[in-house]
Amino acid sequence: MGCIGSSQARNEGGAGRKKIKKPKPWAHTEPITRAQLMNMREEFWDTSPHYGGQREIWDALRAAAEAELTLAQTIIDSAGVIVQNRDLTLCWDERGAKYELPRYVLSEPTNLIQEQGQ
């Protein structure tokens, strides 16, 4: 009795966790190559712990950003990441630290330059 108002009852059915989705298509301010995109991503992930938060959460976010959607959801849920924006651009950890991810680490821009030989 009294279960209706419990936090467990409110969170059943995934109400406490948002399902993540692929980011909407976007364009970089100027066309870039895949190599430039990869360099931007590496630079972001190398410096991300300096933005605050926990290293483990940054690692989980990187793994999720680089994974298929189903696996990414499992990684996010397992790490206890609280998703504010379903495309992962804004997340929180259970301690209240904020994690902002730029679109370029989550998907490719629509104006990516296709290099010869790729």
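What follows is a chat about a predicted model of one protein chain.

Me: Hi! What does the secondary structure come to here?

Reply: Hello! This is a predicted model, and its secondary structure comes to five helices and five strands. Along the sequence, the pattern reads α-β-α-α-α-β-β-β-α-β.

Me: Nice. And what share of the residues counts as buried?

Reply: Of the 118 residues, 32% count as buried.

Me: Let's go inside, then. Which residues touch the most other members in the largest nonpolar core?

Reply: Those are Trp45, Leu61, Leu88 and Leu101, in a core of 21 residues. The elements giving two or more residues to this core are H2, H3, helix H4 (69–79) and helix H5 (103–106).

Me: And which element gives the most to this core?

Reply: That's H3, with six residues. As general background, nonpolar side chains tend to be buried together in soluble globular proteins.

Me: Back to Leu88 for a second. Where is leucine 88 found?

Reply: Leucine 88 is in the loop between S2 and S3.

Me: A loop residue, okay. Is leucine 88 buried or exposed?

Reply: Leucine 88 has a relative accessible area of 4%, so it counts as buried.

Me: Anything about its backbone? What is the phi of leucine 88?

Reply: Phi of leucine 88 is near 75°, which is a positive value in a residue other than glycine. For context, most residues other than glycine have a negative phi.

Me: Good to know. What else sits in that loop, say, where is asparagine 85?

Reply: Asparagine 85 also has its place in the loop between S2 and S3. Its relative accessible area is 28%, so asparagine 85 is partly exposed. Asparagine 85 lies 9.8 Å from proline 23, C-alpha to C-alpha, with their positions 62 residues apart in sequence.

Me: And where does arginine 86 lie?

Reply: Arginine 86 lies in the loop between strand S2 (82–83) and strand S3 (90–92). With 39% relative accessibility, arginine 86 counts as partly exposed.

Me: Which residues gather with Arg86 in the patch of positive charge?

Reply: Lys18, Lys19, Lys21 and Lys24 join Arg86 in that patch on the surface.

Me: Changing topic: how many salt bridges does a search of the whole structure find?

Reply: The search finds five salt bridges. One of them pairs arginine 62 with glutamate 42, at 2.5 Å from N to O. That pair links distant parts of the chain, 20 residues apart: arginine 62 is in helix H3 (residues 55–65) and glutamate 42 is in helix H2 (residues 34–47).

Me: How exposed are those two, arginine 62 and glutamate 42?

Reply: Arginine 62 has a relative accessible area of 24% and is partly exposed. Glutamate 42 is at 37% relative accessibility, so glutamate 42 counts as partly exposed too.

Me: What about aspartate 59, which residue does its side chain meet in a salt bridge?

Reply: The partner is arginine 55, at 3.8 Å from N to O. Both residues lie in helix H3, four residues apart, which is about one turn of the helix. Aspartate 59 is partly exposed at 41%, and arginine 55 is partly exposed at 43%.

Me: And what does glutamate 100 form a salt bridge with?

Reply: Glutamate 100 pairs with lysine 98, and the closest N and O atoms are 3.7 Å apart. Glutamate 100 is partly exposed at 49% relative accessibility, while lysine 98 is partly exposed with a relative accessible area of 41%.

Me: Which residues do salt bridges with shared partners join into one network?

Reply: Glu42, Arg62 and Glu66 are joined into one network that way.

Me: Last bit, a couple of other loops. Where is the place of valine 81?

Reply: Valine 81 is in the loop between H4 and S2. Its relative accessible area is 1%, so valine 81 counts as buried. The C-alpha atoms of valine 81 and arginine 95 are separated by 10.0 Å, and the two residues are 14 residues apart along the chain.

Me: And proline 31, where does it lie?

Reply: Proline 31 lies in the loop between helix H1 (7–11) and strand S1 (32–33). At 49% relative accessibility, proline 31 counts as partly exposed. Proline 31 is 79 residues from threonine 110 in sequence and 8.7 Å from it in space, C-alpha to C-alpha.

Note on methods:
Residues are numbered from 1 along each chain as its sequence is written. This is a predicted model: local features need pLDDT of at least 70, side-chain atom pairs count only at pLDDT 80 or more; totals for chains, interfaces and linings use all residues. Side-chain values use heavy atoms; hydrogens and water are left out. Patches are made of residues with over 30% relative accessible area and no salt bridge: like charges are joined within 9 Å, nonpolar side chains (Val, Leu, Ile, Met, Phe, Trp, Tyr) within 5 Å. Accessible areas come from the Shrake-Rupley method with a 1.4 Å probe; for residues, only the protein chains shown count as cover. A salt bridge is a side-chain nitrogen of Lys or Arg within 4 Å of a carboxyl oxygen of Asp or Glu. Lys and Arg count as positive and Asp and Glu as negative; His and the chain ends are not counted. The place of a charge is taken as NZ of Lys, CZ of Arg, CG of Asp or CD of Glu. Buried means under 20% relative accessible area, exposed over 50%, partly exposed in between (1.4 Å probe, protein chains only). A nonpolar core is a set of buried Ala, Val, Leu, Ile, Met, Phe, Trp, Tyr and Cys residues joined through side-chain atoms within 4.5 Å.
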